[in-house]
Amino acid sequence: MTASVNELITTAPGASCDADLAEGPWAFDLSPGYGPGASEDDVIPDPVVRPGQLPVAYQRMSDDELHARIRAAKEALGERLVILGHFYQRDEVVQHADFVGDSFQLANAALTKPDADTIVFCGVHFMAETADILARPEQHVILPNLAAGCSMADMADEDSVEAAWEELMELYADEDTSDGRASVVPVTYMNSSAALKAFCGRHGGIVCTSSNAATVLEWAFEQGRRVLFFPDQHLGRNTGKAMGVPLEQMPMINPRKPGLGVEPQELLDARVLLWPGFCSVHKRFTVAQIDQARAQHPGVKVVVHPESPMPVVDAADAAGSTDFIRKFVAASEPGDVIAIGTEINLVNRLAADYPDRTIFCLDPVICPCSTMYRIHPGYLAWVLDGLLEGEVRNEIVVDEDVATHAKVALERMLAALPK
Ligand code: 13P
Ligand code: SF4
């Protein structure tokens, strides 16, 4: 029997989650000091994004009432509405989604319903922004709880990336680019603000997700000598390493330090310049957990998300996006034992879907991604009821100029095909 996420939050020995997560998100969204972020280690962005307060009537509704309202609204809105849900969403939300997928699949799914007036994105802020950029201008994109951010995305802000870029441009100014290849190509992980996607669009760069990072890096190496990869150092390092880039050619820059904290010669020799961002959920996975899983379950298969640190990816049997992990489990045999290094809602769902296999999370006390977790059925019911009343609540609107350039970088990604 799989433990519910709330049971894990409240009862796991040594659990590191904030016990507030077992409450409705409205109970802690507005409390001082608990801004957007995935764990207690998060850097809280400034200014902090505060959600609107969920009306008390919705906070008090029973689960049954909320689900009934969501179903009724869906029925009434019909083809005018499409609900997208990321794999990390709680089951209570996933059950209402028309599409469930990884961030690449959901970016594409946003394109497959051009006739819908409204896309309700049950995921995090950067995903809803991406949907708005790719959607038709008349389509509305809603993020049910505006506090559903991504702490990793918050680790790269536009000013810091611009400043680092200028330093690099100065350093590489004398380089011979007569072969048409740029000195450096910016590559942003999907988990980033629309402003950074626009930065990539303006500077000959591209977006990647965890499911196409190698294809995108191949594309980038055709356009330039090296890549500036942000915000996730781990995805950048793991992907570069798998493509044969030596570690010494993947220095991690420090945007706060003079000279980016790296010797000029190292910057000149670099192929992948890594930004120091990380995911608070995936950085918790360790090689010791894998060793323990192998000791306790001889023959266990270990699959992790590439946002995990490099030694963890190296020690695992496989690494890939959330959809890769789902397919890895689907391809396993009854009786197999599989240890997974990713967010707990997805692990628990896979364990429930494949009861004839032993499936568990590598970290026995892992938290849910607390920002994904902020999409509660209460918020979903509230925004859908708003649509029935003719009101678009919690709409995500990306500035037109930003959207135009971000779309260039996203379309390069959608067009990039594996060799
Ligand atoms: P996927 O692209 O694999 O869905 O991952 C998104 C994410 O935020 C993982 O932490
Ligand atoms: Fe962001 Fe994904 Fe990590 Fe959540 S799990 S903080 S969405 S990178």
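## The shell around ligand 1

In this predicted model, the shell around ligand 1 breaks down into eight polar, two nonpolar and two charged residues. For that count, Ala, Val, Leu, Ile, Met, Phe, Trp, Tyr, Cys and Pro go in as nonpolar, Asp, Glu, Lys and Arg as charged, and the others, Gly among them, as polar. The residues in question are H86, Y88, D102, S103, Y189, N191, S210, H282, H305, E307, S321 and T322; a residue makes the list if one of its heavy atoms lies within 4 Å of the ligand.

Which side chains have a polar atom by an oxygen atom of ligand 1? H86 is one of them, with a polar side-chain atom 2.7 Å from such an oxygen. T322 has a side-chain N or O atom 2.8 Å from an oxygen of ligand 1, and for E307 the figure is 2.9 Å. A polar contact here is a pair of N or O atoms within 3.5 Å. On its own, ligand 1 has 300 Å² of accessible area, and the protein covers 96% of it (Shrake-Rupley method, 1.4 Å probe).

## Ligand 2

Ligand 2 has ten residues around it, and the closest are C150, N191, C279, E307 and C369. Sorted by class, this shell holds seven nonpolar residues, two polar and one charged. N191 and E307 turn up in the list for ligand 1 too.

## The largest cavity

Where do the two ligands sit? Ligand 1 takes up space that is the largest cavity, and ligand 2 sits in the largest cavity as well. "Sits in" means that more than half of a molecule's atoms lie within 2 Å of the cavity's grid points. A cavity is a set of points, on a 1 Å grid over the protein atoms alone, where a 1.4 Å probe fits but cannot get out; lining residues have an atom within 4 Å of a point.

This cavity holds about 240 Å³ of space. Its lining has 25 residues, and Y88, F126, N191, E307 and M372 are the closest to its centre. By class, the lining of the largest cavity comes to twelve nonpolar, eleven polar and two charged residues.

## The second largest cavity

The structure has three cavities of 30 Å³ or more, a volume being the space filled by probe spheres set on the grid points. The second largest holds about 40 Å³ and is lined by S103, L106, A107, F121, F126, M127, T130, A131 and M190. Seven of these lining residues are nonpolar and two are polar, with no charged ones.

Which helix gives the largest share of that lining? It's α7, with four residues. Both α6 (103–109) and α7 (125–134) supply at least two residues each; helices are DSSP runs (H or I) of at least four residues, and strands (E) of at least two.

## Backbone oddities

The F230 to P231 peptide bond is cis, with omega near -10°. P231 is in the loop between β7 (224–230) and α11 (233–242). L260, in the loop between α11 and α12 (264–269), has phi near 60°, a positive value in a residue other than glycine.

## Reading the numbers

Residues are numbered from 1 along each chain as its sequence is written, with chains lettered from A and ligands numbered from 1 in the order in which they are written. In this predicted model, local features need pLDDT of at least 70 and side-chain atom pairs count only at pLDDT 80 or more, while totals for chains, interfaces and linings use all residues; side-chain values use heavy atoms, leaving out hydrogens and water.

Terms used: Polar contact = N/O pair within 3.5 Å; in protein donor to acceptor, adjacent residues only side chain to side chain. 1 Å grid on protein atoms, 1.4 Å probe; cavity = no way out; pocket = protein on both sides within 12 Å on 5 of 7 lines; lining within 4 Å.
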